[in-house]
Amino acid sequence: MDIDRGDVNCTDKGLYELLFLRRVLREELGSDYSHHNNMLVAAVHAVFLEAGFVGFDLMSDVQVHRLSEDKWPSNAFTISLGYILPELLDDKSKNSMTESVELKFQRLGHFMNVYGSGGSGLVYRVCLNVRRFLRTMDLVWAYPGKNDKSTSSYLEKEVLDFWKIVKDGLALPLLIQLCDKNGLTLPACLMRLPTELKLKILDLLPGVDIARMGCVCSEMHSLSSYNDLWKKKSMEEFGVCIGMQVLFPWKEIFATLWVNRKQRQKRRRSMPIPVEHCEHGRRFRRRQKLRRTGHEIILHPTPAT
C-alpha cells in the first residue's frame, strides 16, 4: 500500500504515529477488523511503511500495494511478509541478488513473535503482548480525532511503546542492514539510535531546544511532543505543581508559561529605571548623607596666580 504521509497532519501534537497507524489499519482491514491477528499484523506493517519500506512479494519479486487477503491467518499461524526499499525496486527486477527483507509472524498463546531477516543471516525478533496491544489497536481504529484529549493521551503513550518495540527491534536494524548490503546511504546517526536514547537526549535539553528538535523531522516531532516529557520540563523550568492532572496537554501549558515569562521580561526591560537605582541616584544619596553629618566636602577651583 502506498501511503501519502502528507495526508497525515504532522502539526497535530504528538499524534503523527497514531493518525498514521489508524489510516493504515483502515486501509488494510477495510470494515472487518474483528480478527485479532489481522490487527497486529497490519500494525507491524504500518511501522515498516513509516520507516521507508514498501511491500514486496518474495515469490514474484514485484511490489505489492496492499496486504493480500489470503495472508490473514487463523488463531494458530505462521505467515511471511516481504519488504524492500523503493530505491532497490529497479535493481531487484534486474538483479535477483538484490537484498530484501522477510518478516515471519508466529502466534503463541497471548504473545506474537515477529522475526525479521535479510540476506546476512542475522535474525531479529520482537515479542508482542497480544492482550495489551490488541486493546490499543481497537482504540486506534475507533479514535475520533485530536479533540478527544483524554483518549489521545493514553493512546499516544501506548502507540509510542508499540512503535519503539517494532521499529527499534526490527525496522531500524533491517533498514541499516539493507542499506549497508546494497550500498545505500545510511540513515543519519541520530535517527539510528534507539527511541529510548533519543528520549534521553531530549530529556537533557531545555524546553526551547526540545521544540527546535521537533522541527527536524516527523519522528523527532512526535518524540518531542511526548506529554510526560513536557510535564517534567514544566516542573523543572517553572515549578508547576506536580499534582496537576497528567492528562493535561503539557506542551501547551509549557508554551503558555514560556510566552508569559518572555512578556514579563520584555515589560521589565521597557520600564524606566528609578533614580535611586542609577549611578546619579547613588551620588545624590551620598551627598545628602554628608550634608546631614556636616562633613560635606566642597572643592573650589584654585585661583590663578
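Select D57 together with V62, its bridge partner in β2. The model is predicted: local features require pLDDT of at least 70 and side-chain atom pairs pLDDT 80 or more, whereas totals for chains, interfaces and linings use all residues. Residues are numbered from 1 along each chain as its sequence is written, and side-chain values use heavy atoms, with hydrogens and water left out.

Extend the selection to β1 and to β2 (residues 62–63), which run antiparallel and are joined by 2 bridges. Strands (E, at least two residues) and helices (H or I, at least four) are DSSP runs, numbered from the N terminus; two strands pair if DSSP finds at least two bridges between them. β1 and β2 form a hairpin with 4 residues between them. In the turn, select D61, whose phi is positive, at about 55 degrees.

Next, display β3 (residues 78–84), which pairs with β1 (residues 54–57) in the antiparallel sense over 3 bridges. Here G55 has Y83 as its bridge partner in β3.

Move then to α7 and select T195, K198, L199 and L202, the buried residues of this helix. Seen down the axis of α7, these residues line one face, because they fall within an arc of 100 degrees, taken from the directions from the helix axis to the C-beta atoms. Buried denotes under 20% relative accessible area, exposed over 50%, and partly exposed in between (1.4 Å probe, protein chains only).

Finally, select L204, in the loop between α7 (195–203) and α8 (207–213). L204 counts as exposed because its relative accessibility is 72%. Add K233: its C-alpha atom is separated from that of L204 by 9.8 Å, with the two residues 29 apart along the chain.
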